[in-house]
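Please look through the sequence and the model displayed below before reading on. The briefing that follows goes from the overall fold to single residues.

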Amino acid sequence: MQVYKLKVNRNICTGCNICVVSCPINFDQLKTKSFLSEKNAVILVKNGIAFDVYDENRKVNCDGCGVCIQNCPQSAILLEIIEVK
Ligand code: SF4
Ligand code: SF4
């Protein structure tokens, strides 16, 4: 199984939140649950830095669509594909 892992460059991320609001999965979660937290979002900003949230026990995780990467004004996000069993 492939897992998508976001790497955010802490030196250039400004915490602008654009990645968080542009992510289609976050948007779907907002529509259905009316909030974003580490329980349902796949990318969030904390202490001024974006970070990805992955939980193998839940249905929804980052699907590697790349929308956050395209929208980041700082080009601070890279996407890694990790193979897990
Ligand atoms: S869009 Fe880019 S600069 Fe803005 S919070 Fe996300 S990673 Fe950081
Ligand atoms: S790659 Fe797509 S699904 Fe993953 S955090 Fe970025 S916008 Fe969301």
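In which loop does Ser75 lie? Ser75 is found in the loop that runs between α3 (67–71) and β4 (77–83). This residue belongs to a predicted model, and the points below describe that model topic by topic.

**Overall fold**

- The protein chain contains three helices and four strands, and, when it is followed from the N terminus, these elements come in the order β-α-α-β-β-α-β. The radius of gyration of the protein chain is 12 Å, close to the 12 Å that the globule rule gives for 85 residues, so the chain is as compact as a globular protein of that length.
- Measured out along its principal axes, the C-alpha trace of the protein chain spans about 30 × 30 × 20 Å.
- Of the 85 residues in the protein chain, 19% are buried.
- Among the contacts in the protein chain with a separation of 6 or more, 63% are made by residues that lie 24 or more positions apart.

**Chain ends**

- Met1 is placed in the segment before β1, and this residue is exposed, because it has 7 other C-beta atoms within 10 Å, where 12 or fewer count as exposed.
- Although Met1 and Val84 are 83 residues apart along the chain, their C-alpha atoms are separated by 5.4 Å.

**Loop residues**

- Ser75, the residue of the opening question, has a positive phi of about 50° although it is not a glycine, and it is exposed, with 10 other C-beta atoms within 10 Å.
- Asn17 lies in the loop between β1 (2–8) and α1 (18–22), and its phi is near 80°, which is likewise a positive value in a residue other than glycine. With 12 other C-beta atoms within 10 Å, Asn17 is exposed.
- Glu38 has its place in the loop between α2 (24–33) and β2 (43–46), where it is exposed, with 11 other C-beta atoms within 10 Å. When residues up to four places away in sequence are not counted, Glu38 touches Leu44 and Val53.
- Glu38 and Ala76 are 38 residues apart in sequence, and from C-alpha to C-alpha they are 21 Å apart in space.

**The hairpin of β2 and β3**

- Strand β2 pairs with strand β3 (residues 49–52) in the antiparallel sense, and this pairing extends over four bridges.
- The two strands form a hairpin with two residues between them, and Asn47, which is in the turn, has a positive phi of about 50°.
- Within this pairing, Val45 stands opposite Ala50 in β3.

**The buried interior**

- Is Ile43 buried or exposed? Ile43, which is placed in strand β2, counts as buried, because it has 23 C-beta neighbours inside 10 Å, and 20 or more are needed for a residue to be called buried.
- Leaving out residues up to four places away in sequence, Ile43 touches Leu6, Cys19, Val20, Cys23, Asn26, Ala50, Asp52, Val53 and Cys68. For one of these partners, Val53, the C-alpha atoms of the two residues are separated by 5.6 Å, while the residues are 10 apart along the chain.
- The largest nonpolar core has 14 residues, and those with the most contacts inside it are Cys19, Val42, Ile43, Cys68 and Ile77.
- Val42, one of these core residues, touches Cys23, Ile25, Asn26, Asp52, Val53, Val60, Asn61 and Cys62, again without counting residues up to four places away in sequence.

**Surroundings of the ligands**

- Ligand 1 is surrounded by 14 residues, of which the closest are Cys13, Cys16, Cys19, Ala50 and Cys72. By class, the shell around ligand 1 holds 10 nonpolar, four polar and no charged residues.
- Ligand 2 has 13 residues around it, and those that come nearest are Cys23, Cys62, Cys65, Val67 and Cys68. The shell around ligand 2 divides into 10 nonpolar residues, two polar residues and one charged residue.
- Both β1 and α3 supply at least two residues each to the shell around ligand 2.

Key: Residues numbered from 1 in each chain as written. Chains lettered and ligands numbered in written order. Predicted model: local features only at pLDDT ≥ 70, side-chain atom pairs only at ≥ 80, totals over all residues. Rg over C-alpha atoms; globule rule 2.2 N^0.38 Å. Contact = placed C-beta atoms within 7 Å. Near = placed C-beta within 6 Å. Nonpolar A, V, L, I, M, F, W, Y, C, P; charged D, E, K, R; others polar. Core = buried A, V, L, I, M, F, W, Y, C linked by C-beta atoms within 7 Å. Pairing = 2+ DSSP bridges.
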